[in-house]
Amino acid sequence: LELPRHLQHFSPQALKRLAGLLGLRVASVGTTSSVPVTAYSLHYALFGHLRPGWRLWLSYALGILAFPLVLLGDRVGGGDACFIVMEASPEQVAQD
C-alpha cells in the first residue's frame, strides 16, 4: 500500500544462507502480514500521519476488510515481515 517505513534487513534467501553458515537446517522460511500493519499502512496512505479518533478506527475497519487481499499477496511472496524457523541437529544440541 505504501513504501515501508521500516526496512527489512534480511531477505528469506539471506536467512537461509545464515542457517547454512551456522550448520542449521531450515524448517520453514517465508513472509507474512498482520491486520495491524495493514490498518496502519492504510491510515498513513489516507491521512499522511497518525491521527487518533474516527480516522484511526476507520483505518482499523478498512484494514480488516482489506486483509484477505493482503493474505493473497503473501502467497505471492509479498508479506511485510520475514520469518525463518531453523533446527539444530541433536549433536549440536548435545554440545550446548
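How many salt bridges does a search of the whole structure find? In this predicted model, the search finds 1 salt bridge, and the description below begins from that pair before turning to the helices. The chain averages a pLDDT of 82, and 89% of the residues score at least 70. Among the elements of the chain, the highest mean pLDDT, 90, belongs to helix H1, which covers residues 12-22, whereas the lowest, 82, belongs to helix H4, which covers residues 90-95. Where pLDDT is low, the predicted coordinates should not be read in detail.

The salt bridge joins the side chains of Glu 87 and Arg 25, with a nitrogen-to-oxygen distance of 2.4 Å. Because Glu 87 lies in strand E2 (residues 81-87) and Arg 25 in strand E1, the pair ties together parts of the chain that are 62 residues apart in sequence. Side chains of opposite charge can pair when their charged atoms come close. Both partners are partly accessible: Glu 87 is partly exposed, with a relative accessible area of 36%, and Arg 25 is likewise partly exposed, with a relative accessible area of 47%.

Strand E1, which spans residues 25-32, also contains Val 29. The relative accessible area of Val 29 is 25%, so this residue counts as partly exposed rather than buried, the limit for burial being under 20%. When neighbours within four places in sequence are left aside, the contacts of Val 29 are with Pro 12, Lys 16, Phe 83 and Ile 84. Of these, Pro 12 and Lys 16 fall within the residue range of helix H1, while Phe 83 and Ile 84 fall within that of strand E2. A further relation between distant parts of the sequence is given by Val 29 and Met 86, which are 57 residues apart along the chain and whose C-alpha atoms are separated by 8.7 Å.

Aromatic side chains were examined next, and a search of the whole structure finds 3 aromatic pairs. One of them is formed by Tyr 40 and Tyr 60, whose ring centres are 5.9 Å apart and whose planes meet at 85 degrees, an edge-to-face arrangement. Since Tyr 40 belongs to helix H2 (residues 35-47) and Tyr 60 to helix H3 (residues 54-76), this pair ties together parts that are 20 residues apart in sequence. Tyr 40 is partly exposed at a relative accessible area of 30%, and Tyr 60 is also counted as partly exposed, at 26% relative accessibility. The rings of Trp 57 and Tyr 60 have their centres 5.3 Å apart and their planes at 85 degrees, so this pair too is edge-to-face. Unlike the pair that bridges two helices, Trp 57 and Tyr 60 both lie in helix H3, where they are 3 residues apart, about one turn of the helix. Trp 57 counts as exposed, with a relative accessibility of 62%. Through these ring pairs, Tyr 40, Trp 57 and Tyr 60 are linked into a cluster.

Helix H2 has 13 residues and reaches 18 Å from its first C-alpha to its last, close to the 18 Å expected at 1.5 Å a residue. Within this helix, Thr 38, Ala 39, Ser 41, Leu 42 and His 43 are buried, and the buried residues of H2 pack against H3. Thr 38, which has its place in helix H2, counts as buried at a relative accessibility of 4%. A polar atom of the Thr 38 side chain lies 3.0 Å from the backbone oxygen of Ser 34. The helix is followed by Gly 48, whose phi is positive, near 85 degrees.

On the side of helix H3, the packing can be followed through Ser 59, which is found in that helix. Ser 59 counts as buried, because its relative accessibility is 1% and the limit for burial is under 20%. Its side chain makes a polar contact of 2.7 Å with the side chain of His 43, a residue that is itself among the buried positions of H2. Residues up to four places away in sequence not being counted, Ser 59 touches Ala 39, Leu 42, His 43 and Phe 47. Helices H2 and H3 are thus described here both by the packing of the buried residues of H2 against H3 and by the aromatic pair of Tyr 40 and Tyr 60.

Notes: Residues are numbered from 1 along each chain as its sequence is written. This is a predicted model: local features need pLDDT of at least 70, side-chain atom pairs count only at pLDDT 80 or more; totals for chains, interfaces and linings use all residues. Side-chain values use heavy atoms; hydrogens and water are left out. pLDDT is the predictor's confidence in each residue, from 0 to 100. Helices (H or I, at least four residues) and strands (E, at least two) are DSSP runs, numbered from the N terminus. Buried means under 20% relative accessible area, exposed over 50%, partly exposed in between (1.4 Å probe, protein chains only). Contact means heavy atoms within 4.5 Å. A salt bridge is a side-chain nitrogen of Lys or Arg within 4 Å of a carboxyl oxygen of Asp or Glu. Rings of Phe, Tyr and Trp (its six-membered ring) pair if their centres lie within 6.5 Å; planes under 30 degrees apart count as stacked, over 60 as edge-to-face and the rest as tilted. A polar contact is a pair of N or O atoms within 3.5 Å; within protein, one must be able to donate a hydrogen and the other to accept it, and residues adjacent in sequence count only if both atoms are side-chain atoms. The expected span of a helix is 1.5 Å times one less than its number of residues.
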